[in-house]
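Me: I've got a structure open and would like to talk through it with you. Could you take my questions one by one?

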Amino acid sequence: MSPSDHTAWLLISTTLLMLTLPGVALFYGGMVRKKNVVNTMGLPLLALALVSIGWVMVDGVAVTGEPSAAGTVRSADRPLEQFSDVIAGALALALVAGALVERMRVSFFLLFGSLWVTVVYAPVAHWVWGGGWLENLGVLDFAGGAVIHLTAGVTALVGVLLIGPRRGFGRTEMMPNSLPLSVCGAGFLWVGWFGFSAGARVTSMAASTIAVVAIQASACAAALSWTVAEWLQRDKPTALGTVSGAVAGLVAIAPAAGYVGPLSALVIGIGAGGACYMAVNFVKPILGYDDSLDVFGMHAVGGTWGMVATGLFASTGVNPDGSDGLFFGYPYQFFAQCVAVLAVWSFAAGATFVIVKGLQLVLPARVDADAELLGLDLSQHGEKGYS
């Protein structure tokens, strides 16, 4: 591929990647109550704005690739490569918000997000993608299984445990307001996944093609396995279950996308659909935590399975120039992937605990009872999503 073609592909894939933010907004916005739709859909966009401004202020890198006060860009592609990481950081923060919606103050989210991206997301991204110790250990994470999904999912669990459940949780019916919105959002996420997993990271076109096939196979297998599990348990399949399964498959294939073949991707997807379904429908009710939109069950569980499965299925027979001499089921790779999972779980949980506890000393994390009853659309924004 010529340099100009490579730059053009980076532009296309980065544009596709941007679809994940409105995708999250729609997917989550359809699953909350009517009085919280505007707030829920606005938080992912605030996350994008917050992380993007932070990137500009800290990095000082112009999109044109020109030298700046903060440093010199090595090539015209470098800003696009960095920008894809920015969108990934915004996506991770938007996912965290999904666990805490319907009770969290916008001011708390902005302060928390600024600290979390700096203290949690950025270090993990450096460990795995920036020449850090996990990359040197040989950890494979093609598109964010650990960097995005484990950090967001573990943070979500710690956050909901510290901030507490929504008022009326377990006693009041909290039904989705618009499933069509959620279905559309899942569609945007699916398309956006091709941008990040198949193009925005520096890789060959062969690896990108492999990733596209793996993404499709995993998402479809997970959608069907979730649907079957739900059908067997509840006698009826739901559209929300099908798209939730697809998202679980997208999450699980993220670390493995460029390293596994179609059959392995099918296995990863089937495992993701089953594991995430169990986490959302059995583990969560048993433990009783209020993860509003099942971020932990989808992203921490799906990301963990995806990272471990990468260690089992990564193969040079699939991608000889992308898997650094690793073979199918190679024991060391499985070990490295498990080390990464344990490290990210521990670090994200500990750092999030410190951030949330520290911020709660100076700012309430949640709105008061009257504001929560009224709804965050009116109490936090002075707007109504529905008349």
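Me: Is Phe282 buried, partly exposed or exposed, and what is its relative accessible area?
Reply: Keep in mind that this is a predicted model. Phe282 sits in helix H11. Buried would need under 20% and exposed over 50%, so Phe282 falls in the class between, partly exposed, with a relative accessible area of 33%.

Me: Which residues make a nonpolar surface patch with Phe282, and what is its area?
Reply: Phe282 has company here. Met278, Val283, Ile286 and Leu287 make the patch together with Phe282. The area of this nonpolar surface patch is about 500 Å².

Me: Let's go to the second largest pocket. Which elements give two or more residues to its lining, and what is its volume?
Reply: The lining has 34 residues, with Met174, Leu240, Val280, Lys284 and Asp294 lying nearest the centre of the pocket. The elements that give two or more residues are helices H2 (20–29), H9 (205–234), H10 (239–253), H11 (262–287) and H12 (295–313). As for the volume of the second largest pocket, the figure is about 920 Å³.

Me: How many residues of that lining are nonpolar, polar and charged?
Reply: The lining of the second largest pocket is a mix of classes. The split is 17 nonpolar, nine polar and eight charged.

Me: H2 came up as a lining element. How many of its ten residues are buried?
Reply: The buried residues of H2 are Thr20, Leu21, Gly23, Val24, Ala25, Leu26, Phe27, Tyr28 and Gly29. That makes H2 largely enclosed by the rest of the structure, because the buried count is nine of the ten.

Me: What is the relative accessibility of Leu21, and how far is Leu21 from Gly185 in space?
Reply: Leu21 is in helix H2. Its relative accessibility is 0%, so Leu21 counts as buried. In sequence Leu21 and Gly185 are 164 residues apart, while C-alpha to C-alpha in space they are 9.2 Å apart.

Me: And Leu157: buried or exposed, and how far from Phe296 in space?
Reply: Leu157 is part of helix H7. The cut-off for buried is under 20%, and Leu157 has 19% relative accessibility, so it counts as buried. Leu157 and Phe296 are 139 residues apart in sequence, but their C-alpha atoms are 5.8 Å apart.

Me: On to charges. How many salt bridges are there, and what is the N to O distance between Glu102 and Arg166?
Reply: Side chains of opposite charge can pair when their charged atoms come close. With N to O within 4 Å as the cut-off, the count comes to eight salt bridges. For the side chains of Glu102 and Arg166, the N to O distance is 2.5 Å.

Me: Where do Glu102 and Arg166 sit, and how many residues apart are they?
Reply: Glu102 is buried at 1% relative accessibility, and Arg166 is buried too, at 8%. Glu102 is in the loop between helix H4 (78–100) and helix H5 (106–129), and Arg166 is in the loop between helix H7 (145–163) and helix H8 (179–200). So the pair links distant parts of the chain, with a separation of 64 residues.

Me: What is the phi of Glu102, and where is Asp235, which has a phi near the same value?
Reply: Phi of Glu102 is near 75°, a positive value in a residue other than glycine. Phi of Asp235 is also near 75°. Asp235 is exposed, with a relative accessible area of 62%, and its place is the loop between H9 and H10.

Me: How far apart are the closest N and O atoms of Arg234 and Glu230?
Reply: Arg234 and Glu230 are both in helix H9, four residues apart, about one turn of the helix. Arg234 is partly exposed at 44%, whereas Glu230 is buried at 4%. The closest N and O atoms of this salt bridge are 3.7 Å apart.

Me: Last one: are Arg366 and Glu372 buried or exposed, and what is their N to O distance?
Reply: Both Arg366 and Glu372 are buried. Their side chains meet in a salt bridge, N to O, at 3.1 Å.

Key. Residues numbered from 1 in each chain as written. Predicted model: local features only at pLDDT ≥ 70, side-chain atom pairs only at ≥ 80, totals over all residues. Heavy atoms only, no water. 1 Å grid on protein atoms, 1.4 Å probe; cavity = no way out; pocket = protein on both sides within 12 Å on 5 of 7 lines; lining within 4 Å. Points joined across faces, edges and corners; volume = space filled by probe spheres on them. Nonpolar A, V, L, I, M, F, W, Y, C, P; charged D, E, K, R; others polar. Buried < 20%, exposed > 50% of the residue type's maximum accessible area, 1.4 Å probe, protein only. Patch = residues over 30% accessible without salt bridge, like charges linked within 9 Å, V, L, I, M, F, W, Y side chains within 5 Å. Areas by Shrake-Rupley, 256 points an atom, 1.4 Å probe, with all protein chains shown as cover.
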